[in-house]
Amino acid sequence: MSSTTTAAPGTAASHAAGTRTGRYYRRFDRIERVMHALLMVTFIGCALTGLPLLLADEKWSAVLVKLFGGFEGAGLVHRICAAVMIAVFVAHVVRVSLRALKGSGLLGVLWGPNSMVPQPQDIIDMYRHVKWFVGAGPRPQFDRWTYWEKFDYWAVFWGMFIIGGSGLLLWFPEFFAKFLPGWAFNIATLVHGEEALLAVGFIFTIHFFNGHLRPEKFPMDRVIFTGRIPEHEMKDERTTEYARLTSAGRLAAQEVGPPSRASIAFGTYVGGASVILGVLTIILIFYSFL
Amino acid sequence: MRFTIAAGFTVLALAVSGAAFAQGGATKDAGGPNDACLMCHSDPAAKGATGKSIGLDPKKFAASVHGEMQLPCVACHADVSADKIPHEKVKPVDCSGCHDKAAKEYGTTVHGVARAQGKDVAATCANCHGTHDILRSKDPASRTNHLNLEATCGACHGNEQFVKDAKLPGGNVQAKFHDSIHGRDLRDTKKGMQLAVPECTDCHGAHDIRPKSDEKSRTSRARIPETCGACHARAKSVFDKGEHGKLRQDNNLAAPGCSDCHSAHSIQPHDLPKWKLEVIGTCGNCHGEFITTFRETFHGQVTSLGYANMATCASCHGAHQVLPASNPASKVSKENRLQTCQTCHPKANENFANFDPHANRHDKTRSPLMYYAGKFMDFLLLGVFAFFGLHTVLWAYRSVRVVSERRKRRAGGSNTEEKR
């Protein structure tokens with residue numbers, strides 16, 4: 001009995017195979033999943049149409065741009081993706097603001113286990129996590145949001161302002177020149193490209209590793225696509241959250257049915273394709289800097 | 001009536017004798033100056049003792065400029081005498097006897113000098129003009145006619161093997177010329193510019209062709225603008241007023257002339273995308289730093305990807321009259337900059353025009369804000385990647401160990417279970 005419980009649902013293999021047994025708990029709601037999917041697709045769209053400009057003297061850049069129907073086509077795709085991305089960002093901010101105004105209230109949004117705001121516990125968690133990396137301590141236990149997830153989350157905020165802002169400046173230079181000096185467009189050109197390199201480099205290596213490619217998750221963690229976390233995984237990775245909800249008697253309220261086959265398939269194919277595209281992009285960037 | 005018949009006979013007689021002369025008929029009675037020669041040489045297929053062709057087409061000779069003048073063969077082949085037939089091997093014809101000016105010129109120029117040095121592949125009179133069939137240049141069938149010179153010079157300068165063997169400068173220049181705007185217009189019967197378009201000799205000269213290293217050459221570095229300006233007078237007068245032209249007037253020949261940007265033989269229309277993109281690199285031969293900074297802007301990136309409908313150097317700086325920004329007449333001077341931007345960005349304003357298209361993030365004096373913004377971004381990227389790179393590597397190491405240990409334990413566990 002004990003051997004079967006540890007072996008069957010707990011392994012990455014059974015999860016990857018998409019067995020839908022055991023209990024599941026809600027981690028992301030439908031809107032959050034759709035937003036992540038939109039961000040994912042538009043981010044890759046912007047990366048594939050923007051990088052060829054940043055690395056314009058590479059042969060693959062010219063090939064990629066040709067695939068998008070020339071620089072006008074690539075520019076159009078870039079702007080459409082950017083507009084959708086900004087819309088998703090604005091929608092998220094509006095949603096969080098609404099949540100702050102009612103329901104769990106402002107405090108819940110700004111502090112506590114359900115808040116994305118970095119807190120002292122995150123520093124402690126990070127310290128302990130690194131200690132565990134080097135074999136100097138036990139693996140720390142995490143609540144709902146880990147410190148690296150919060151970093152990813154705020155990186156999007158930062159990136160939205162830097163890349164989105166500079167991108168709008170470069171998209172509508174005649175309009176912004178009405179009240180911004182000429183050098184603003186120089187700075188915008190510089191930071192748009194550099195920040196994009198940072199974002200692309202970060203998402204396609206570090207976010208991919210943290211979320212999907214590390215041995216425990218390999219090759220895909222589909223929780224962001226299904227919205228549901230299996231009980232064994234919650235116990236193992238979100239131990240603090242699991243214990244907190246259990247002791248508060250609120251765990252049962254979080255329980256949901258198994259993920260739909262469609263959401264698993266989306267995670268596997270669209271999510272998987274995104275990871276592959278991202279890794280290929282990183283290879284091209286590395287190749288260019290060699 | 002009788003008069004008419006007599007007149008008719010006269011005309012007939014004249015026609016017959018004329019035809020006989022024209023055909024080089026070997027009728028002794030006709031008494032032409034070349035009859036004795038034509039006894040042997042009138043058959044184009046005739047061969048001499050050594051098997052070499054000795055025939056010529058008397059009709060062609062008759063139609064040639066020398067035939068028209070009724071020159072005797074011995075006028076050119078002076079070492080042959082009718083007294084001794086068959087004659088000895090003849091010496092090469094020396095045209096200088098009559099064409100002394102051309103021959104003198106030829107002797108001091110590239111072909112003549114090469115020949116004097118023993119390089120007997122170098123062209124002589126006959127290579128360009130022909131031998132027994134020489135026609136006046138204005139004759140459309142002449143080898144030296146305006147429309148035929150490309151092929152005449154191309155016989156050597158367009159023959160890949162010959163070019164290689166003789167190491168002709170510039171390579172297969174006929175092929176380049178053929179596809180150039182000059183070459184195309186030269187054979188474009190619809191455009192109607194055929195006679196106005198230059199062929200080889202218009203730039204290089206005919207008898208006085210000199211290597212471009214020779215100061216006297218029409219294609220020497222110093223004289224190129226003058227040579228091109230013979231037709232492109234307006235472009236030249238504009239060029240002379242520009243910075244490049246002024247440098248040249250100060251005898252600074254490092255400054256570009258026409259062919260540095262337009263090439264010599266492959267000249268293309270200025271709006272041809274391929275040329276428009278390539279000439280950016282040409283500007284970069286001297287202004288390298290500005291190409292680097294240009295490539296960091298949208299204009300530079302898109303042109304680098306191969307799209308020409310975008311601002312290049314000349315769009316802002318002008319082409320023939322490039323002037324420094326400090327000159328109020330310059331397209332990029334404070335006074336004119338906005339207007340220059342507005343040619344593509346009609347809604348641009350003063351702020352827009354103050355964008356620095358050559359901002360250099362490494363140059364603290366020119367672009368201090370770019371410098372610090374660049375440093376900040378470098379620091380940010382380095383910091384994030386260093387921290388999370390290390391974080392990821394350590395995590396990967398730990399995870400791989402944990403997962404493999406877990407697997408080992410599980411494998412061990414199941415084995416013991418099986419044994420039980």
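The following dialogue examines a predicted model of two chains, A and B.

Biologist: How do you know what confidence to place in chain A?

Modeller: Chain A has a mean pLDDT of 90, and 92% of its residues reach 70 or more. On a scale from 0 to 100, the exception to note is residues 1-17 of chain A, where the pLDDT is below 50. That stretch has 16 contacts in the model beyond near neighbours in sequence.

Biologist: Which stretches of chain B have a pLDDT below 50?

Modeller: Chain B averages a pLDDT of 88, with 90% of the residues scoring at least 70. Over residues 1-30 of chain B the pLDDT is below 50, and this stretch has 21 contacts beyond near neighbours in sequence. Residues 416-420 of chain B also have a pLDDT below 50, and there the model shows 1 contact beyond near neighbours in sequence. For the model as a whole, the scores are ipTM 0.89 and pTM 0.82.

Biologist: Why is chain A called as compact as a globular protein of its length?

Modeller: The globule rule gives 19 Å for 290 residues, and the radius of gyration of chain A is 21 Å; the two values are close, so chain A is as compact as a globular protein of that length. Along the principal axes, the C-alpha atoms of chain A fill a box of roughly 65 × 40 × 40 Å. Chain A has 15 helices and 3 strands.

Biologist: What radius of gyration does chain B have, set against a compact globule of 420 residues?

Modeller: Such a globule would have a radius of gyration near 22 Å, but chain B has 37 Å. The box filled by the C-alpha atoms of chain B, taken along the principal axes, is roughly 135 × 80 × 55 Å. Chain B has 24 helices and 0 strands.

Biologist: What makes strand S2 and strand S3 of chain A edge strands?

Modeller: Each of them, S2 (228-230) and S3 (255-256), pairs on one side only. They belong to an open sheet of 3 strands in chain A, with the order S2-S1-S3 and antiparallel pairing.

Biologist: How do you know that strand S1 and S3(A) are paired?

Modeller: Pairing requires at least two bridges between the strands. Strand S1 (residues 24-26) of chain A and S3(A) have 2 bridges, in the antiparallel sense, so the criterion is met. Tyr24(A) has Val256(A) in S3(A) as its bridge partner.

Biologist: How do helix H3 and helix H5 of chain A cross, and what is the handedness of the crossing?

Modeller: The axes of H3 (residues 30-54) and H5 (residues 70-101) of chain A come within 8 Å and cross at roughly 145°. The crossing of H3(A) and H5(A) is left-handed. Residues of H3(A) in the contact include Met35(A), Leu38(A), Phe43(A) and Gly45(A), while those of H5(A) include Val77(A), Cys81(A), Met85(A) and His92(A).

Biologist: How do the residues of the contact of H3(A) with H5(A) divide by class?

Modeller: They divide into 14 nonpolar, 6 polar and no charged. Gly counts as polar, so Gly45(A) and Gly50(A) of H3(A) fall in the polar class.

Biologist: Which part of chain B gives the most to the side that touches chain A?

Modeller: The contact takes 45 residues from chain B and 39 residues from chain A. On the chain B side, helix H20 (298-304), helix H23 (350-353) and helix H24 (368-419) each supply at least two residues. H24(B) gives the most, with 23 residues. The residues of this side divide into 24 nonpolar, 14 polar and 7 charged.

Biologist: Where are the cis peptide bond of Pro219(A) and the positive phi of Asn251(B) found?

Modeller: The cis peptide bond joins Phe218(A) and Pro219(A), with omega about -5°. Pro219(A) is in the loop between helix H10 (183-213) and helix H11 (223-226) of chain A. Asn251(B) is not a glycine, yet has a positive phi of about 65°. Asn251(B) is in the loop between helix H16 (243-249) and helix H17 (258-262) of chain B.

Definitions and conventions: Residues are numbered from 1 along each chain as its sequence is written. Chains are lettered from A and ligands numbered from 1 in the order in which they are written. This is a predicted model: local features need pLDDT of at least 70, side-chain atom pairs count only at pLDDT 80 or more; totals for chains, interfaces and linings use all residues. Two residues are in contact if their C-beta atoms, placed from the backbone, lie within 7 Å. Helices (H or I, at least four residues) and strands (E, at least two) are DSSP runs, numbered from the N terminus. pLDDT is the predictor's confidence in each residue, from 0 to 100. Axes are lines fitted to C-alpha atoms, for helices over the stretch in contact, and angles run from 0 to 180 degrees between N-to-C directions. A crossing is left-handed if the near helix is turned anticlockwise from the far one by less than a right angle, and right-handed if clockwise. The radius of gyration is taken over C-alpha atoms; the globule rule is 2.2 Å times the number of residues to the power 0.38.
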